[in-house]
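Visitor: I should like to take a close look at a single part of this structure. Please begin there, and then guide me outward to other places that deserve the same attention.

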Amino acid sequence: MSGKTSWGQAKKLTIANENDTHKSFSVFPNITLQHVQNSMPRIARMLFEDQPTVYHVMSRTALDGLPFGDIEKDMMLSYIKRFTSIYFSDVLGFCIMGNHFHILIRMHPSSSISDDDVKARFQYVYGDTVVADTRSIARLKQKWCSLSELLREIKQTSSRFYNAKHNRRGYLWGDRFKSVVVENGHALLNCLAYIDLNPIRAGIVDQPEAYRWSSIGYRMQTNNAGDYLSDDFGIEEWSNSPRLLMRQYRQFLYETGAIDRGTGKSIRKKVLHDAQQNNFEYTQANRFLFRSKWFTESGIIGSKHFVEKLLNQLSLPAKNKRSPHEIPGFDFFSFKRFREQS
């Protein structure tokens, strides 16, 4: 299956300040109940620490309207990908909307992580010039298995970006994030569909995969670039083949999304019928339709060698020097990088 965890192969990424730590107290050996320091008492959050656990995480902005446009959504996705690639987690789904986001994520317990796993991540994050001592390894093992620490880094980093971009100060996010523990299997599948159908219910797109800031959009438009998303749904009767698994999931998603529940838009019957006619397959041709802008605005398009060769011939000023950009979902590169519309 794609998306399987390989702790020793994390991407080289930059993380936020390591000094902050969360406070917790243990009620049962395998459950941590976490509180956020505040003047008002809050309900404790249940976090299971002795087993891999799936959480549906949600967080909403404190601002009116829809403060996230294309650029903000792109940055939120980059932060989510960055930090979840550092932490010992598997992302199963996500959706970034105009004023909130969802993540469906499996967190792994620190007891399943070796010191060598942490050292490998540390090296990818900080490079070869810094050596992690025993104390740092123990601290990072706990931190990089913590859902609360993961969400803190995502939200703090995105707040700094948003405030700098919009020349403002103050809080970006509302209350602390919400989390629900989700069982593997059909509960997980329904939760993932709920997340992927957010843009449908909001009336933003007609097809779930047309929204690129969602997990179904990422899977289909980029062919799950970098095997970032896990397909370990825990449904034994479904196929082990990634292609067949996605066809089964798309069928479930479309049929579920076509039900009119009276809470927002639903998938139109014609859209469902067209997907049924194609046996819920998602082909390179489908992917092409959502990436067509690359063929009209890329400047140069082709293999990496081809793009590099022509770039060298252009004699661009140093400030305009750039490397070819890989087009997600295809096997070629472009001269320009630009932000696509959903």
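**A loop residue and its surroundings**

Guide: Asp227 is found in the loop between helix H7, residues 215–222, and helix H8, residues 242–257. Please keep in mind from the outset that this is a predicted model. Asp227 has a positive phi of about 50°, although the residue is not a glycine. As background, most residues other than glycine have a negative phi. With a relative accessible area of 45%, Asp227 is partly exposed.

A second residue may be set beside this one. Phe280 also has a positive phi, near 60°, and is likewise a residue other than glycine. Its place is the loop between helix H9 (269–277) and helix H10 (284–290). Which description fits Phe280, buried or exposed? Phe280 counts as buried, because its relative accessibility is 4%. Of these two loop residues with positive phi, then, Asp227 is partly exposed, whereas Phe280 is buried.

From the loop we may turn back to helix H7, which begins at residue 215. Ser215 meets another aspartate there: the side chains of Asp196 and Ser215 are joined by a polar contact of 2.6 Å. Asp196 itself belongs to helix H5, which covers residues 186–196. The side chain of Asp196 also reaches the backbone nitrogen of Ile216, at 3.1 Å. Which oppositely charged side chain is nearest to Asp196? That side chain is Arg219, at 5.6 Å. A salt bridge requires a side-chain nitrogen of Lys or Arg within 4 Å of a carboxyl oxygen of Asp or Glu, so a pair at 5.6 Å does not qualify. Asp196 is therefore a buried residue without a salt bridge. Beyond its neighbours within four places in sequence, Asp196 is in contact with several residues, among them Pro208, Tyr249, Leu253 and Phe94.

Phe94 leads us from the helices to a pair of strands. Phe94 stands opposite Ile103 in strand S6. Strand S5 covers residues 89–96, and 8 of its 8 residues are buried, so S5 is largely enclosed by the rest of the structure. S5 and S6 (residues 100–107) run antiparallel and are joined by 7 bridges. The two strands form a hairpin, with 3 residues between them.

Cysteines deserve a brief word at this point. Cys95 is buried, with a relative accessible area of 0%. Cys191 also counts as buried, at 11% relative accessibility. How many disulfides does a search of the whole structure find? The search finds 0. A disulfide is a covalent bond between the sulfur atoms of two cysteines.

Asp196 lacks a salt bridge, yet the structure holds 12 of them elsewhere. One of them joins Lys141 to Asp115, with the closest N and O atoms 2.8 Å apart. Lys141 lies in helix H3 (residues 134–143) and Asp115 in helix H2 (residues 115–126), so this pair ties together parts that are 26 residues apart in sequence. The two partners can be described by their accessibility: Lys141 counts as buried at 15%, while Asp115 is partly exposed at 39%.

Another salt bridge brings together the side chains of Lys143 and Glu153, at 3.5 Å from N to O. This pair links distant parts of the chain, since Lys143 is in helix H3 and Glu153 is in helix H4 (residues 147–165), 10 residues apart. Both ends are buried: Lys143 has a relative accessibility of 5%, and Glu153 has a relative accessible area of 0%.

Within helix H4 there is a further pair. Arg152 forms a salt bridge with Glu149, the closest N and O atoms being 3.0 Å apart. These two residues are 3 apart in sequence, about one turn of the helix, and both are buried. Lys143, Glu149, Arg152 and Glu153 are linked in a network of salt bridges.

Finally, the chain may be viewed as a whole. The chain contains 12 helices and 10 strands. Of its 342 residues, 48% are buried. Among contacts between residues at least 6 apart in sequence, 69% join residues at least 24 apart.

Technical notes. Residues numbered from 1 in each chain as written. Predicted model: local features only at pLDDT ≥ 70, side-chain atom pairs only at ≥ 80, totals over all residues. Heavy atoms only, no water. Helix = DSSP H or I, 4+ residues; strand = E, 2+ residues; numbered from the N terminus. Buried < 20%, exposed > 50% of the residue type's maximum accessible area, 1.4 Å probe, protein only. Lys, Arg positive; Asp, Glu negative; His and termini not counted. Polar contact = N/O pair within 3.5 Å; in protein donor to acceptor, adjacent residues only side chain to side chain. Contact = heavy atoms within 4.5 Å. Disulfide = S-S within 2.5 Å. Pairing = 2+ DSSP bridges.
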